[in-house]
Amino acid sequence: MVALAAMPGCRAAVPVVEPVLDAWAAVCGARRILLASPRSLCAGVERVIRTVDMLLDQRNRAGNGLVYVRKQIVHNAHVVKGFEQRGAVFVEELDQVPDGAAVAFSAHGVSPAVRAEAARRGLRVVDATCPLVTKVHSEARRFAARGDTIMLIGHAGHEETEGILGEAPDRTVLVESAAGAAVLEVADPGRVSYLTQTTLAVDETTEVTAALRRRFPALEGPGSEDVCYATTNRQHAVARVAGRWDVVLVIGSTNSSNSVRMVEVARRAGIPAHLVEDAAAIRPDWIGKAVTLGLSAGASAPPVLVNEVIAALQGLGPVTVTEHTTAVETVSFAPPVTARPR
Ligand code: SF4
């Protein structure tokens, strides 16, 4: 695909296939971009990025050693690639990390079994799990300790749910939908509690929780909701302005749960919406003759990607950019103490 960014003013003198050029020429014109705010990096992702930054700086100063990271540090291909270029080594499991090496755990958290394995291997662990994910782990331990069956609302295979399930694997069941909640059977319906993945769709989570409550009136929940502030705010920002957009673009990777949910929120509001990794992933048929274009970014997508998309759209004609703010975020998390130089 020809990168949109390579066609400033639709007069690019680059060799392109004619039909592709025609497709882009057909979507040239003046546009309004409405930026949803909050968007882009959350406090948990900023913390994990800063953590790996610190580890790489220490490695560079020492002039030796590798920085290993278990799983994608955050679900964004650009962030991961940037760190790889600076020397971080991403591994799927700890058996790929040499004994005694430093390893960072990603923002999504890990199960107790992974922690135990790291301790057994003598690894220097820098745990960059988002504190809001750590909170859900604590709740899982509390509910399991009192003998509850825990219903974890979330998506199978996501690293965060895998880590939480690992806290009490014999007492936890994964619930992915209201339909799944309706047919769930447990040993003791009087001792049940629920938790949720932090990056779910707020409205769908409410539906699933309601379905669980109908089925299990004794159901107890966490002290405060688990869907995190950043996920909630980004979805609300998209939902509040969706009616003013012709089409919505959400910048994020396909494995970014919160980014995918933002696209779903816009679509449920009846607006065509697309998830884009970056400016190069935009297709002309997505834009068409849309005059007002909504733009947002998931919690793991760096702001530079937003700027690049705006610059690329400016290549199609005059653009006015306005921001619609539905919440102001002040949350920040300090990097883990174990990331400091020893
Ligand atoms: Fe933490 Fe929420 Fe960001 Fe996930 S999306 S890292 S839970 S703040």
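The following questions and answers concern the cavity, the pocket, the sheets and two backbone features of a predicted model.

This is a predicted model, in which local features need pLDDT of at least 70 and side-chain atom pairs count only at pLDDT 80 or more, whereas totals for chains, interfaces and linings use all residues. Residues are numbered from 1 along each chain as its sequence is written, and side-chain values use heavy atoms, with hydrogens and water left out.

Student: What volume does the largest cavity have?

Tutor: A cavity is a set of points, on a 1 Å grid over the protein atoms alone, where a 1.4 Å probe fits but cannot get out; a pocket is an open set with protein on both sides within 12 Å along at least five of seven lines, and lining residues have an atom within 4 Å of a point. Grid points are joined across faces, edges and corners, and a volume is the space filled by probe spheres set on the points. By this rule there is one cavity of 30 Å³ or more. The volume of the largest cavity is about 280 Å³.

Student: Which element gives the most residues to the lining of the largest cavity?

Tutor: The lining comprises 24 residues, with C42, V45, H108, T199 and N258 nearest the centre. Two or more residues come from each of α2, α5 (131-145), α9 (229-241) and α10 (257-268), where helices (H or I, at least four residues) and strands (E, at least two) are DSSP runs numbered from the N terminus. With three residues, the element that gives the most is α9.

Student: How many charged residues are in the shell around the ligand?

Tutor: The space taken by the ligand is the largest cavity; a molecule sits in a cavity or pocket if more than half of its atoms lie within 2 Å of its grid points. Around the ligand are C42, G44, C130, L132, V133, T198, T199, C228 and Y229, a residue being near if one of its heavy atoms lies within 4 Å. Ala, Val, Leu, Ile, Met, Phe, Trp, Tyr, Cys and Pro count as nonpolar, Asp, Glu, Lys and Arg as charged, and the others, Gly among them, as polar. The shell has six nonpolar and three polar residues, and the number of charged ones is no more than none: no charged residues.

Student: Which helix provides the largest share of the lining of the largest pocket?

Tutor: About 310 Å³ of space lies in this pocket. Its lining has 14 residues, and Q58, R59, N64, A102 and R124 are the closest to its centre. Four lining residues, the largest share, come from helix α2 (residues 43-62).

Student: Which residue stands opposite A102 in β5?

Tutor: Four strands form an open, parallel sheet in the order β3-β2-β4-β5, strands being paired if DSSP finds at least two bridges between them. The edge strands are β3 (88-91) and β5 (124-127). Strand β4 (residues 102-105) is joined to β5 by four bridges. Opposite A102 stands R124.

Student: In β7, what is the bridge partner of I153?

Tutor: Another open sheet has three parallel strands in the order β7-β6-β8. Its edge strands are β7 (172-175) and β8 (192-196). Four bridges join β6 (residues 149-153) to β7, and the partner of I153 is V175.

Student: Where is the cis peptide bond, with omega near 10 degrees?

Tutor: Most residues other than glycine have a negative phi, and most peptide bonds are trans. The loop between β1 (31-37) and α2 holds P38. The cis bond runs from S37 to P38.
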